[in-house]
Protein chains: 2
Amino acid sequence: MGIKIGKLAEMSGCQVVTIRYYEKEGLLPVPDRSQNNYRLYSENDVERLHFIRRCRMHGMNLAEIRQLLAFKDNPTVSCDWINSLVEKHIAEVERQIAALRHLKSHLQALLRQCPGGRHEGCGIIATLTECGDCPCCGSSCSLHKAEGTPAHGSSKSPEAAK
Amino acid sequence: MGIKIGKLAEMSGCQVVTIRYYEKEGLLPVPDRSQNNYRLYSENDVERLHFIRRCRMHGMNLAEIRQLLAFKDNPTVSCDWINSLVEKHIAEVERQIAALRHLKSHLQALLRQCPGGRHEGCGIIATLTECGDCPCCGSSCSLHKAEGTPAHGSSKSPEAAK
DNA sequence: CTTGACTCTATAGCCGCTATAGGCATTACG
DNA sequence: CGTAATGCCTATAGCGGCTATAGAGTCAAG
C-alpha cells in the first residue's frame, strides 16, 4: 500500500499521464494522497488498472470499460450483455478485416499501374485521378463509398512498451 | 464553371464542411467567389477533390495526399517514391490485418469463458481481471504489449453516403 | 412576406491519449 | 551545505480528420 504513480505506471505498462487521464475520466477512483500531495495507490488500484488496460487491448473504448467496471463493482444483473458486447466487437473486427483485405487488393492493383522509374505519367497518379470504375472491382466497389476503413497511415508506431 | 459548394459536395460524395476543411488545409486551392461571397468551383476542382477522396479511401492521410498533389501538379522527379508509399501502405494494412485477426481470436477466447445467462461470476470479467498469461497465446502474446490495434469500438458507423 | 434551402464565418467537440510549461519535493552526490 | 537529477504536481494545448453548433446573410418558391 502506498504505490506512487510512477511505480503503478511501470507495473501496468502505461504512462503516468494516462493514469491521471483515467482518473479524470472516472475509470480509476480518486486516490489517497501522501502528505506531499503525491497520489498513493493500493493493490486494488493495480488490479483495476490492469483490467482497464486489458480491456483496451481487446478493443474496448472507455465508455464500454466504464460499463464493465460498473458491472464488476456491482454485478446485480445478468452478464448476457457482456457476451453481446464481445460478439459485437468480433463482428466489428471481422468487418474491419474484410475492409482492410479489400483495401489491400486495391493497393496492390495500384502498384501494378506503375512499373516505377518513370519520370512522368505515373500510373498510380493516373489511376487515382481517373473517374471511371476502379480496376479492381468495378463501379459497385465499396471503396467508392465512404467506408469505415481505419486510417492506417496515421497510426502511431507501436514503439513497444519499453 | 461556377459550381457551388453544395453541388461539389454532392458530386464528390463528401460533406460541405469537409471541402472547406480541405481548403483550409491547403489541399484545395482558394476558390473564386460569387458576388454574394459563395465559393465557386471549376471542373478542375471537381477532379482534384475526387483525387483527394480516392486517396483517402486508399488509406492515405492528408500529409501524404499533399505530397501526391504536389507531384501531380509538378511531376519533375521520378515517381518511385509513390510506389514505395503504396508498398508501405500495403505492409501497414497487412500488419493491421494480422493484429485484428489476433484480436479476434482473443475475443473469441473471451466468449468461451462465459456461457451467458449467469447472474454473477461472469467468466469474461474474470478473464479480463486475471493477471496470468492470456488463455489464447501465453505470456508472450502481443496483446499484452501496447500494439497499434485500431480502436474499432470507436469507429463511426459508416452511414453509407446517401 | 414568410418559409425553407443554401451559403458564410468562427468556434468547440470527438477519442485516447501525448506534449509542453512551470513549479514543488525528494534524493544522490560532492 | 549547495546543486543537479529525478519524480511528482497542475493546467492547457495539440494530434487527425473531420463533425457539430451558433448566428447571420442570400435567394427562390409559395
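Colleague: In this predicted model, which residues does Ile52(B) contact, leaving aside its neighbours within four places in sequence?

Modeller: Five names come up: Tyr22(B), Leu27(B), Leu28(B), Ile65(B) and Leu69(B). Ile52(B) itself is in helix H3 of chain B.

Colleague: Ile52(B) and Tyr22(B) are 9.1 Å apart, C-alpha to C-alpha. What makes the pair a contact?

Modeller: The 9.1 Å is a C-alpha separation, across 30 residues of sequence. Contact is judged on heavy atoms, within 4.5 Å. Tyr22(B) is on the contact list of Ile52(B), so the pair has heavy atoms within 4.5 Å.

Colleague: Why is Ile52(B) called buried?

Modeller: Its relative accessible area is 0%. Buried means under 20%, so Ile52(B) qualifies.

Colleague: Now Asn37(A). Is that residue buried or exposed, and why?

Modeller: Exposed. Asn37(A) has 51% relative accessibility. The class needs over 50%, so 51% passes.

Colleague: Where does Asn37(A) lie, and what is notable about its phi?

Modeller: Asn37(A) is in the loop between strand E1 (32-33) and strand E2 (39-40) of chain A. Its phi is positive, near 75°, and the residue is not a glycine. In chain B, Asn37(B) lies in the loop between E1 (32-33) and E2 (39-40). Asn37(B) has a positive phi of about 75° and is not a glycine either.

Colleague: On to the DNA. How many residues surround strand D, and which are the closest?

Modeller: There are 18. The closest are Arg20(A), Arg39(A), Tyr22(B), Asn36(B) and Asn61(B). Of the strand D atoms within 4 Å of the protein, 79% belong to sugar and phosphate.

Colleague: What makes Arg20(A) and strand D a polar contact?

Modeller: A polar side-chain atom of Arg20(A) is 2.5 Å from a phosphate oxygen of strand D. The limit is 3.5 Å, so the pair counts. Asn36(B) also passes: an N or O atom in its side chain is 2.7 Å from a phosphate oxygen of strand D.

Colleague: What does Tyr38(B) reach on strand D?

Modeller: A base nitrogen. A polar side-chain atom of Tyr38(B) lies 3.1 Å from it. That is within 3.5 Å, so this pair counts too.

Colleague: Which helix gives the largest share of the surface near strand D?

Modeller: H2(B), with three residues. Helices supplying at least two residues each are H1 (5-12) of chain A, and H2 (16-24) and H3 (43-57) of chain B. By class, that surface has six nonpolar, six polar and six charged residues.

Colleague: And strand C? Which residues are closest?

Modeller: Asn36(A), Asn61(A), Gly6(B), Arg20(B) and Arg39(B), out of 18 that surround strand C. Sugar and phosphate make up 87% of the strand C atoms within 4 Å of the protein.

Colleague: What makes Gly6(B) a polar partner of strand C?

Modeller: Its backbone. A polar backbone atom of Gly6(B) is 2.6 Å from a phosphate oxygen of strand C, so the pair is inside the 3.5 Å limit. Arg39(B) also uses a backbone N or O atom, 2.7 Å from a phosphate oxygen. Arg20(B) uses a side-chain N or O atom, at 2.5 Å. Two or more residues of the surface near strand C come from each of H2 (16-24) and H3 (43-57) of chain A and H1 (5-12) of chain B.

Colleague: Which helix gives the most there?

Modeller: H2(A), with three residues. The class count near strand C is six nonpolar, six polar and six charged.

Key:
Residues numbered from 1 in each chain as written. Chains lettered and ligands numbered in written order. Predicted model: local features only at pLDDT ≥ 70, side-chain atom pairs only at ≥ 80, totals over all residues. Heavy atoms only, no water. Near = heavy atom within 4 Å. Polar contact = N/O pair within 3.5 Å; in protein donor to acceptor, adjacent residues only side chain to side chain. Helix = DSSP H or I, 4+ residues; strand = E, 2+ residues; numbered from the N terminus. Nonpolar A, V, L, I, M, F, W, Y, C, P; charged D, E, K, R; others polar. Buried < 20%, exposed > 50% of the residue type's maximum accessible area, 1.4 Å probe, protein only.
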